[in-house]
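Subject: Structure for your review

Dear colleague,

Please find below the structure that I am handing over to you. My notes on its strands follow directly after it.

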Amino acid sequence: MFFLTVLLFSYAQVSQQIQKLTAERREMISSPTLRHVQGTLEVVMNQNVSLSCHSDSGYPPVRYTLFKGNQKVATLNGMGLTAVLFNLTINSASDVGEYKCKAEYRTPNDGKYSKSLNFSLIEPVSKPVLSSPSSQAKKGQNVTLSCFSENGSLPITYIFFRERKSISRPMKMQKKEAAMFSLFINSSSDFGTYKCRAENGFPNNTKYSNSFNFTLAEERSSSQPLLISLGLILLLLTIGFALAIPFFIIPSCKAKKNKFAKSSAGLISTMNAEETENYVIYTEIEYIKPEEEYANFTVIRKEDEKGKNPEIIVVKHLGCTKIFWGDFAGDFF
């Protein structure tokens, strides 16, 4: 009985020592290190990525788990202190982001996490478009070119060319906006062919834009605007005069005619003529007839010495003067 008691006591001590040793070894596990095996953290679509995770110290076996954010991706058991490899394929934009790994024994509560790796997706640039507010220019003028690639991961670097020769420094754009380049048209060589180039971190992907040419703008004569303005003024005056005839001139004549009609009874001309025997003044009044109008007029007749046919007849009617040669004949309305 005594022997059995001693045996049980010894077993309990050994078990406690083993548990203590195991706990000490478990506490010795270090935080793991997560690395991208090859390349940079900038990846492209359909790219294969390998991540290694291992702890520098710890008692094997150690279980390693890869996380993307808070989501578990894969789990591998490591034997000894050899690193484990996690192989991934970037199939979509959701496959990029923050990754980290966890090293632990069989008990989840004693695990430690690595520092995170953040992958970013690189999209190749599309063919840029080169444009300008105007395709016409003249010597001595400042012009502006813009180059823009609609697709592509930032930053995008642009360079402008004329006849295959660069004319600008590299312009790295951190936002989705066009690169602008201003130049001065100084000679005929400045009317050459222009292009621009766009590129980003995507490997072996450089795109050139369409060709763009400035054409020489025709210089207009300074007198042309003045002639056009004068022509428009004359046209407006003509139209205004034509519109004024039925509204102002004709009603004025009718009003004047009615004024003379009301004062026609006993109207006698007061025209003065030269006091010579060759001039005779005639005044005739035609009275109003039913449904008709009448007219007042004064006739100054110059007769020859023999009293024959008149040579000159001057007729005044409603303020208007008419001169006739030969025999007098006329109708007034």
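In this predicted model, three strands make up an open sheet in the order E1-E3-E6, and their pairing is antiparallel. Strand E1 (33-36) and strand E6 (84-89) form the edges, each pairing on one side only. On average, neighbouring strands of this sheet are turned by 25° against each other, direction ignored.

Within that sheet, strand E3, which spans residues 48-54, is joined to E6 by 6 bridges in the antiparallel sense. One of the residue pairs involved is serine 50 with its bridge partner in E6, asparagine 87. As general background, strands of a sheet pair through backbone hydrogen bonds, either parallel or antiparallel.

A further group of pairings concerns strand E4. This strand covers residues 62-68 and is mostly covered, with 5 of its 7 residues buried. E4 pairs with two strands that I would like to describe in turn.

The partner strand E5 (residues 71-78) runs antiparallel to E4, and 7 bridges join the two. Valine 62 has glycine 78 in E5 as its bridge partner. E4 and E5 together form a hairpin with 2 residues between them. In the turn, glycine 69 has a positive phi of about 65°.

The partner strand E7 (residues 98-104) is likewise antiparallel to E4, here over 6 bridges. For arginine 63, the bridge partner in E7 is glutamate 104.

Yours sincerely,

A colleague

Conventions. Residues numbered from 1 in each chain as written. Predicted model: local features only at pLDDT ≥ 70, side-chain atom pairs only at ≥ 80, totals over all residues. Heavy atoms only, no water. Pairing = 2+ DSSP bridges. Helix = DSSP H or I, 4+ residues; strand = E, 2+ residues; numbered from the N terminus. Axes fitted to C-alpha atoms, helices over the stretch in contact; angles between N-to-C directions. Buried < 20%, exposed > 50% of the residue type's maximum accessible area, 1.4 Å probe, protein only.
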